[in-house]
Amino acid sequence: MSIFYIFASALIALAGYFYIQLNRKAGGDYVTVSGGAHGKGSGHGSPTTPAGGSSPNSSTDNKEVLVLFGSQTGTAELFAKTLTREGAKMGVPIKICDVESYESFNLEYERLVILICATYGEGEPTDTMKDFHDWMFDDCRAVGEELANVKYTVFGLGDRQYKYFCEEGIVMDRRFDELGAKRIYGLSCGDSGGGQLEEQFDEWCKDLWPAVGRALNIKIKENTEEPVEPECRMKYWEEKEAPLPFPKTASVLEPTQRLPVWVPMMRNEELLKSVSDGNSTLAIDFNTSDTIISYQAGDHLGILPCNSDELVAEYLKVLNVSDEEAGRVFSLQDKKTLKNVFPSRVAPRTALKWYIDLAGVPKKSTLRAFAHCCTDAAQKEELLRILRVNPEAQNEFAKLCKKLRTMQGFLRHFDSAKVPLSFFLELMPRITPRYYSISSDILSTPNSVGTTIGIVKGGLCTSMLARMQIGDKVPVFVRKSTFHLPLRHKERPIIMVGPGTGVAPFIGFLERRRAWQQKGATLGKAILFFGCRRHAEDHIFEEYCTQALQDGVLSVLDTAYSRDQAYKIYVQHRVKERAAELWEMLSAGANVYVCGDAKFMAKDVDAELKRVVEVEGKMTPEAAAEFMKKMETEERYLKDVWSSTL
């Protein structure tokens with residue numbers, strides 16, 4: 001009897017397994033999710049289909065559109081939500097999902113996919129895109145067959161100041177095609193560095209919907225300026241506010257963006273020898289002794305900033321929120337799932353401080369929604385007119401944006417717009433983390449993490465850090481990178497180029513080399529090219545690097561002071577002067593690291609390094625370019641560069 005019972009139980013379990021797999025193949029595990037953050041593996045669903053409804057893929061005439069987004073700063077997510085709302089207004093059955101939460105095995109059963117994805121840094125996928133990217137490019141994918149029943153289109157976000165502009169959008173568009181999917185509408189690449197990204201997205205959207213209608217054989221309604229229907233509601237609670245706006249991660253887990261760790265500031269020191277014109281560069285260290293946080297030099301510290309109390313007070317006033325309402329605890333619930341789209345139950349004052357981007361440039365899609373809150377018909381028409389997709393309107397909006405600057409400015413100018421607090425909180429862009437190169441190393445400072453930060457006038461995060469006091473806490477997490485020393489080849493030569501705050505990760509590199517040296521390791525030759533305006537003003541970490549030279553942790557420190565003589569000298573000029581020495585190191589397998597400005601410095605250094613290879617290596621320009629490309633492929637030529645426009 002017991003043997004029969006065991007055998008029967010095994011059969012039932014096996015049948016259940018196959019039922020689950022078949023149900024997944026049919027798309028039966030689709031669920032509705034809110035527009036806010038949600039955990040990996042939660043699936044995705046339609047804003048027009050109740051949770052638990054039948055799968056959109058259970059019928060051969062499925063006409064549902066899936067909008068997938070991979071975002072780094074939140075712009076791709078904002079575009080995806082705008083697209084989803086517009087599609088729903090035009091009668092398109094449409095659903096949205098963060099690619100990080102999407103179950104990739106369902107992709108072959110989709111009818112039409114609109115992918116909106118950003119490119120991070122020098123052509124890399126964003127953090128949220130990495131798993132999906134790897135799945136798409138896995139060798140097991142059946143080329144020409146896997147997505148044969150899928151239609152698609154891609155909008156990529158990037159910055160032309162980087163070498164590989166919109167690389168992720170380009171490679172994903174190509175990969176969909178390689179796997180057999182049918183492109184219904186051309187790839188478009190939006191340039192965030194040109195200040196016209198939202199206009200480029202609007203232009204792309206104009207002819208997108210007719211293409212969707214043809215692909216699905218459905219009639220598309222006219223794109224009218226109808227009001228946006230709120231998808232969230234405020235629910236008030238008779239309880240105390242959550243102690244933290246972002247819950248702390250469990251002590252045994254690595255902190256993440258959703259579950260950061262709150263660490264106290266232990267150092268906030270001015271590094272400039274002479275502070276003028278409001279310039280400031282700070283060395284900031286955080287105490288991590290009470291946390292489990294791992295990192296190495298070259299990783300990035302993600303900091304979740306907040307708005308100032310003064311700015312929050314101004315917005316509460318323009319939104320007509322009373323002091324009593326500003327202090328009531330609430331959750332912003334998705335109307336379908338009833339889940340809180342914010343990390344915690346907090347008061348509106350806290351939500352505005354920690355969650356909402358109040359200081360950023362207003363988004364057109366948000367303004368279009370708020371225009372319908374105008375009680376004055378003339379103001380409503382004026383606002384909608386300058387938000388339309390035509391050259392005249394775009395020029396007028398750009399001029400007005402320079403004058404009004406923020407959403408607060410627009411709400412004051414169009415003062416009949418009575419935007420409900422819940423609607424404001426739902427549609428406004430979220431504050432996103434700011435990332436800074438770590439300028440310490442855990443081998444040398446296991447109980448702290450350090451950063452080097454140039455204060456930007458009006459910058460949300462740098463302004464917050466500048467006004468913080470020792471002991472104040474801030475939520476942080478670590479984003480791992482590949483910008484690391486060769487851990488298994490400590491004897492390998494290294495070439496570091498880091499002007500200004502670009503020197504930050506190299507201070508961490510020297511810290512790690514010092515720790516290796518103390519353990520008896522043989523270190524390879526290390527050259528650091530550092531540049532700044534004037535020696536007497538902004539040569540940061542000079543004493544530290546001088547000591548590193550004396551200790552043998554650093555072999556050569558070559559400096560370029562651009563304003564200390566009649567003619568400009570930059571780091572690329574110092575690279576040129578050491579061409580023979582650098583070629584000897586490159587021939588010996590050296591690693592090259594470049595950190596700093598992407599627009600000029602990184603390009604100039606790249607060009608000079610290619611000339612070094614060409615001249616000293618006696619190569620043709622094509623062979624020199626191939627040599628550099630091979631170094632990148634082997635992760636011997638690494639860049640940590642940024643654009644001031646992002």
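**Notebook: chain and one sheet**

I began with contacts (heavy atoms within 4.5 Å): among those in the chain between residues at least 6 apart in sequence, 78% join residues at least 24 apart.

I noted that this is a predicted model, where local features need pLDDT of at least 70, side-chain atom pairs count only at pLDDT 80 or more, and totals for chains, interfaces and linings use all residues. Residues are numbered from 1 along each chain as its sequence is written, and side-chain values use heavy atoms, with hydrogens and water left out.

I looked up the elements next and found 22 helices and 20 strands in the chain. These are DSSP runs numbered from the N terminus, helices being H or I of at least four residues and strands E of at least two.

I checked burial: 51% of the 646 residues in the chain are buried, meaning under 20% relative accessible area with a 1.4 Å probe, protein chains only. The chain exposes about 29700 Å², of which carbon and sulfur atoms supply 52%; the area comes from the Shrake-Rupley method with a 1.4 Å probe.

I then turned to one open sheet, where five strands pair in parallel in the order E18-E17-E16-E19-E20. Two strands pair if DSSP finds at least two bridges between them. Strand E18 (556–561) and strand E20 (637–642) are the edges, each pairing on one side only. From one strand to the next the twist averages 10°, with axes fitted to C-alpha atoms and angles run from 0 to 180 degrees between N-to-C directions.

I followed E16 (residues 494–497) to E19 (residues 591–597) and found four bridges. Ile494 has Asn591 as its bridge partner in E19.

Last, I found helix H21 (residues 601–616) packed on the sheet, touching E16, E19 and E20. The direction of H21 makes about 150° with that of E19, helix axes being fitted over the stretch in contact.

Definitions and conventions:
Buried < 20%, exposed > 50% of the residue type's maximum accessible area, 1.4 Å probe, protein only.
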